[in-house]
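Trainee: Please take me through one part of this model in detail, after a brief word on the whole.

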Amino acid sequence: MKPHQLGYWDTEERPPHSDGWTLYLDVSGDDGWLRPYGKSEERYVIVGGVALTPEGTDFVSGAIPEVTYSYDVPEIKTHDIYWGKGVFCHLSEGESRRLLDDVVKILIRADPVVFGTIVDKEKMKWYYGDRAFNPLLYGFWATIARYNKFLGRINAPGRVIMDEDERRKEKGLKKTYYRLKIKGTSISENVPNSHLKYIIGDVGFVKSHECYPIQLADFVAYEIRLAEIRKRPSYWEAIKPFCDVHEPSKIPAGLNRTSTVVSYHIPHEVTTGKTRVY
């Protein structure tokens, strides 16, 4: 089967929306501190993801295998596709670009709600010092708090699933999750509190090659990095319209372009919305 001759997903139709949602999350970067506090060379860690209905999940789970099969690759790993690493080394530059074109088409037709948080580890350490929260857990906190607001607005239940690569942080992620469930998302009396009552069950961890929506989350997280950190051409302009703007999250540290966290809230139904930072 040749690229662009696919039958299952290459149509203008989008799957219908139903009541239940699942947020699939992946991470771009690492949660280690920069020198002299650690050994990381990445200033930013990004938590990115897609929230899908069961129909959207089924659509993505059928469409991505068709695309990967047509390019003779086992899964979508966006960083490695760009850099021609590992199992993607046989792809020409044109083939890699067409593969990513097909991935963004799948995202558009799956009609997800996209969430993304950038954590500036350098400024976070400067601001909080020894009290600094783990950057990955902080990004997870900000992202699922906003996801819960989205679920509350549409009065629907939702789940959270992460790439198993983050399982090494499973204890901390689950501790953070249950802390938010019990004590709420706010650390200030001036900020509305939420206990994640719309998110059900535990945080799940799955292997990316066994979960196609996680591969779509990987795509989102890396495209945020390319567009907002590296200022390189990316697919972020095509992804932005699917981000949620209706309930801006109120998380610590005076959110703006120079603070510890940048949260994305772009209208889901508006295709020309500008990035808004809080």
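How much accessible surface does the chain have, and what share of that surface belongs to carbon and sulfur atoms? After that, please look closely at the place where helix α1 meets helix α7.

Mentor: This is a predicted model, in which local features need pLDDT of at least 70 and side-chain atom pairs count only at pLDDT 80 or more, while totals for chains, interfaces and linings use all residues. Residues are numbered from 1 along each chain as its sequence is written, and side-chain values use heavy atoms, leaving out hydrogens and water. The chain has an accessible surface of about 12,800 Å² (Shrake-Rupley, 1.4 Å probe), and carbon and sulfur atoms account for 50% of that surface. Its 8 helices and 6 strands (DSSP runs of at least four and at least two residues, respectively) follow one another from the N terminus in the order β-β-α-α-α-β-α-α-β-α-β-α-α-β.

Within this arrangement, helix α1 spans residues 54-70 and helix α7 spans residues 212-229, and their axes (lines fitted to C-alpha atoms over the stretch in contact) come within 8 Å and cross at roughly 80 degrees. The two helices are therefore roughly perpendicular (65 to 115 degrees) to each other. On the α1 side, Thr57, Val60, Ser61, Ile64 and Pro65 take part in the contact (heavy atoms within 4.5 Å), and they meet Tyr212, Pro213, Gln215 and Leu216 of α7. Of the residues in this contact, 6 are nonpolar and 3 are polar, with no charged residue among them; here Ala, Val, Leu, Ile, Met, Phe, Trp, Tyr, Cys and Pro count as nonpolar, Asp, Glu, Lys and Arg as charged, and the others as polar.

Technical notes:
Axes fitted to C-alpha atoms, helices over the stretch in contact; angles between N-to-C directions. Parallel < 35°, antiparallel > 145°, perpendicular 65-115°, else oblique.
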